[in-house]
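Thanks for coming. I will take the sheet to start with, then the strands in it, then the aromatic rings. Please have a look at the structure on the screen.

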Amino acid sequence: MTPADRTVAVLAYPGMSVFETGIVTEVFGLPRPELGVPWYDLRLCAERPGPVPLIGGAALHSPYGLDDLAAAGTVIVPGVPDVHGTPSPELVAALRRAHRGGARVVSLCSGAFALAGAGLLDGRRATTHWRYADLLARRHPQVTVDPDVLYLDDGDVATSAGSAAGLDLCVHLVRRDHGVAVANAVARRLVIPPHRDGGQAQFIESPVTTGPDDDRIAGSLAWALTHLSEPLTVATLARQAHMSPRTYLRHFARATGTSPIRWLIDQRIRSSLALLETCDAPVTEIAAAVGFDTSVTYRHHFARAMRTSPSAYRRAFRADGDSAPARATGPDGGRRTGRVGQGAGT
């Protein structure tokens with residue numbers, strides 16, 4: 001990344017909550033020399049000169065304005081103060097100028113309304129907080145609103161769901177820029193999982209409860225992560241949780257917001273990323289190491305999850321030409337082909 005690419009600008013606006021700005025600050029603003037990679041240059045940019053009043057009575061003063069926002073490599077718009085309002089012409093112009101200049105433009109929570117108001121989401125899939133998804137779809141019919149996911153990355157434009165999902169998206173952007181190992185290290189320092197499974201559906205009006213059944217589901221997931229290279233079915237996971245398959249499916253969906261099959265596919269894809277980055281093994285061997293029946297199945301699910309191919313992903317992260325071990329070893333040390341699914345391989 002060039003110095004310009006490493007510049008991250010976050011919009012500050014009157015009446016903003018410091019939480020979402022804090023998310024961006026924690027991920028991109030704190031110096032992290034221990035990671036051994038050039039880190040980001042964070043700038044808080046106000047739309048107009050002068051103090052920016054925050055929720056709680058404090059005020060923010062920043063020397064950076066919309067010109068600095070438009071010149072950044074990554075532009076982040078936190079939740080807007082009024083989802084029924086319209087972004088100012090000055091902000092719209094700055095966002096469009098940033099996008100035309102090659103910036104990665106990002107929204108957190110209701111910040112998607114600002115990106116949509118600038119026309120940057122037209123013809124794209126986007127997300128926002130589940131409370132505002134219908135409103136975003138009505139106000140901007142050119143946008144395909146997905147109310148379920150935690151975030152969507154469309155390359156040069158990315159959107160996240162409710163405020164805390166901004167952490168998921170920010171860590172994902174670090175993973176894009178610096179790879180799995182660095183992103184995992186950042187997540188550990190934040191004491192959050194490198195990737196949360198499921199979407200917003202698990203949070204809509206009915207928060208996840210904690211009880212013995214949830215503990216048993218969690219235990220089965222922890223076990224599965226150490227056996228990804230093995231054939232895993234719903235029945236296998238249900239046995240680990242001491243439940244019937246039907247009961248397991250019901251509790252799994254309530255606890256995670258997704259299905260065991262989707263969860264296993266996602267975990268296997270994500271386990272493969274580090275192998276693609278760090279070893280020279282053929283894709284067929286990597287597919288087997290993380291538990292896919294065939295490389296065709298692996299490539300199919302990889303493309304759906306990552307919007308690229310395993311080979312293209314490897315080229316992007318191995319552009320430096322560093323040598324790497326030839327063998328692909330899965331997270332459990334295994335190389336045996338496994339299956340994802342309830343019966344047949346997926």
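The model is a predicted one. It has an open sheet of six strands, and the order across the sheet is β2-β1-β5-β6-β10-β9, with mixed pairing. Which strands stand at the edges? They are β2 and β9, the latter covering 151-153, and each has a single partner strand, so one side of each is left without a neighbour in the sheet. From one strand to the next the twist averages 15°.

Now β1, residues 7-12. Six of its six residues are buried, so β1 is largely enclosed by the rest of the structure. As a general point, side chains in a regular strand alternate between the two faces of the sheet. In β1, Thr 7, Ala 9 and Leu 11 point one way, while Val 8, Val 10 and Ala 12 point the other way. Both sets are buried.

What does β1 pair with? One partner is β2, residues 41-46, which runs parallel to β1 and is joined to it by six bridges. Another is β5, also parallel to β1, with three bridges. Val 8 shows both pairings: its bridge partner in β2 is Leu 42, and in β5 it is Thr 74. One residue along, Ala 9 has Val 75 as its bridge partner in β5.

The connection from β1 to β2 goes through helix α1, residues 18-29, and this β-α-β crossover is right-handed. Helix α1 lies across β1, β2 and β5, and runs at about 155° to β2.

On to β5, residues 74-77. Thr 74 and Ile 76 point one way from this strand, Val 75 and Val 77 point the other way, and all are buried. Besides β1, strand β5 pairs with β6, residues 104-107, in the parallel sense and over four bridges. In that pairing Val 75 stands opposite Val 105. Val 75 is thus named twice, as it is also the β5 bridge partner of Ala 9 in β1. There is a right-handed β-α-β unit here too, made of β5, helix α3, which is residues 89-100, and β6.

That leaves the rings. How many aromatic pairs does the structure hold? The count is eight. One of them is Trp 39 with Tyr 40: the ring centres are 4.9 Å apart and the planes are at 75°, so the pair is edge-to-face. Trp 39 has a relative accessible area of 12%, and Tyr 40 is at 7%. The cut-off for buried is under 20%, so both residues count as buried.

Phe 252 and Trp 263 form another edge-to-face pair, with 6.4 Å from centre to centre and 75° between the planes. Why does this pair tie together separate parts of the chain? Phe 252 lies in helix α10, residues 245-256, and Trp 263 lies in helix α11, residues 260-278, so the parts it ties together are eleven residues apart in sequence. Phe 252 and Trp 263 are both buried.

The last item is a cluster. Ring pairs link Phe 292, Tyr 298, Phe 302 and Tyr 313.

To recap the sheet: β1 is joined to β2 by six bridges and to β5 by three, and β5 goes on to pair with β6 over four. That is what I have for today.

Terms used. Residues are numbered from 1 along each chain as its sequence is written. This is a predicted model: local features need pLDDT of at least 70, side-chain atom pairs count only at pLDDT 80 or more; totals for chains, interfaces and linings use all residues. Side-chain values use heavy atoms; hydrogens and water are left out. Buried means under 20% relative accessible area, exposed over 50%, partly exposed in between (1.4 Å probe, protein chains only). Helices (H or I, at least four residues) and strands (E, at least two) are DSSP runs, numbered from the N terminus. Two strands pair if DSSP finds at least two bridges between them. A crossover is right-handed if, with the strands pointing away from the viewer, the path from the first strand over the helix to the second runs clockwise. Rings of Phe, Tyr and Trp (its six-membered ring) pair if their centres lie within 6.5 Å; planes under 30 degrees apart count as stacked, over 60 as edge-to-face and the rest as tilted. Axes are lines fitted to C-alpha atoms, for helices over the stretch in contact, and angles run from 0 to 180 degrees between N-to-C directions. Contact means heavy atoms within 4.5 Å.
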